[in-house]
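Welcome! Please take a look at the sequence and the 3D structure below, and keep both at hand while you read.

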Amino acid sequence: MYHLQKKEYIQKMFAGISHRYDFLNHFLSLGLDKYWRRFAVALLPSGLILDVCSGTGDVAIEASKRNKVIASDFCYEMLQLCTQKIKNQNIGNVVCIQNDAENLSFKDETFNGATVAFGIRNVADIKKALSEMHRVVKKGGKVVILEFSQPENKVFKSIYYLYFQKILPFIGCAVSKKKGAYSYLPSSVIAFPERSEFVRLMKEAGLADIEFHDLTFGIVTVYSGVKL
Ligand SMILES: C[S@@+](CC[C@H](N)C(=O)[O-])C[C@H]1O[C@@H](n2cnc3c(N)ncnc32)[C@H](O)[C@@H]1O
């Protein structure tokens, strides 16, 4: 798929499932997504944080417990839900800004940390998004990325993939009433770079001291890197 076509497809897809996004996230991950996000947020430094591809804002809200946060996403419908949640929960230190991860509208070295959860896989140009996160973070600041991975244990992987490729798309489609979105999820995870390749992309974007942690049998991986 061409770059612009993918961008448009992704934006429309999330707009279409936005009303069911949170419910399906928690339901399909059996609530594990909350733990994954908490783990990623705990790796962030204190200060001003940018949450890229923030969607309905769960990472931004978690990070706001000890930071000021900007939640950014290019999908208006997702950000509207984020804004509503912040209002409902009376959170004063999160601001939502519509923004493209590949072309962030923030000045160089603005943030103490930047993070993206389940978003980097969806951007059309991963290298550009990584270099943008690197650009807007201050020297000594950190970039933390949470993304789905392919489990390495073959037995676990075969059981998990039965769920991930067959059952999850079926439930996702039935609940969201959108056919493609939850089939796109497993196929985009399979197409996403392996851990070592993704670490290479982070290095190429200028990040150093890169670490990664597999969670829940390697269903997801949390990557972190520092801007020197
Ligand atoms: C799977 S959701 C993740 C939302 C949230 N971070 C979470 O943890 O639930 C992916 C989000 O990435 C956003 N996204 C994809 N490509 C983007 C881009 N180029 N710029 C900004 N947001 C983008 C989508 O609109 C969507 O809200």
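In this report, two residues are in contact when heavy atoms of theirs lie within 4.5 Å. Helices (H or I, at least four residues) and strands (E, at least two) are DSSP runs, numbered from the N terminus. What you see is a predicted model, in which local features need pLDDT of at least 70 and side-chain atom pairs count only at pLDDT 80 or more, while totals for chains, interfaces and linings use all residues. Residues are numbered from 1 along each chain as its sequence is written, and side-chain values use heavy atoms, with hydrogens and water left out.

**A helix with a covered face**

Let us begin with helix α2, residues 32-42. A residue is called buried under 20% relative accessible area, exposed over 50% and partly exposed in between (1.4 Å probe, protein chains only). Which residues of α2 are buried? They are D33, W36, R37, A40 and V41. Seen down the axis of α2, these buried residues fall within an arc of 130°, so they line one face of the helix. The arc is that of the directions from the helix axis to the C-beta atoms. A general rule helps here: an α-helix has 3.6 residues a turn, so residues three or four places apart point the same way. The cover over the buried residues of α2 includes the helices α1 and α3 (58-63), together with the strands β5, β6 and β7 (220-227).

**Two helices side by side**

Two packed helices are described by the angle between their axes and the distance between the axes. For helix α1 (residues 3-28) and helix α4 (residues 76-88), the axes come within 8 Å and cross at roughly 30°. Axes are lines fitted to C-alpha atoms, for helices over the stretch in contact, and angles run from 0 to 180 degrees between N-to-C directions. Angles under 35 degrees count as roughly parallel, over 145 as roughly antiparallel, 65 to 115 as roughly perpendicular and the rest as oblique. α1 and α4 are therefore roughly parallel to each other. On the α1 side, F14, A15, S18, H19, Y21 and D22 take part, and they meet E77, M78, L81 and K85 of α4. Sorted by class, this contact of α1 with α4 has five nonpolar, two polar and three charged residues. Here Ala, Val, Leu, Ile, Met, Phe, Trp, Tyr, Cys and Pro count as nonpolar, Asp, Glu, Lys and Arg as charged, and the others, Gly among them, as polar.

**The sheet**

Now turn to the strands. Two strands pair if DSSP finds at least two bridges between them. In what order do the seven strands of the open sheet lie? The order is β3-β2-β1-β4-β5-β7-β6, and the pairing is mixed. β3 (94-98) and β6 (207-215) stand at the edges with a single partner strand each, so one side of each is left without a neighbour in the sheet. On average, neighbouring strands of this sheet are turned by 20° against each other, direction ignored.

Strand β4 (residues 111-117) runs parallel to strand β5 (residues 137-148), and six bridges join the two. In this pairing, V116 has I145 of β5 as its bridge partner, and T115 has V144. β4 also pairs with β1 in the parallel sense, over four bridges, and L50 stands opposite A114 in β4. Of the seven residues of β4, six are buried, so the strand is mostly covered.

**Some residues to find**

Here are five residues to look up, with their places and relative accessible areas.

| Residue | Place | Relative accessible area |
|---|---|---|
| S54 | loop between β1 (47-52) and α3 | 8%, buried |
| S72 | strand β2 (residues 67-73) | 1%, buried |
| K138 | strand β5 | 35%, partly exposed |
| L30 | loop between α1 and α2 | 76%, exposed |
| N90 | loop between α4 and β3 | 72%, exposed |

Leaving aside neighbours within four places in sequence, S54 is in contact with A60, A71, S72 and D73. With that same exclusion, S72 touches L50, D51, V52, C53, S54, I97 and N99, and K138 touches E109, T110, F111, N112 and K227.

Most residues other than glycine have a negative phi, and most peptide bonds are trans. L30, however, has a positive phi near 55°, and N90 has a positive phi of about 60°.
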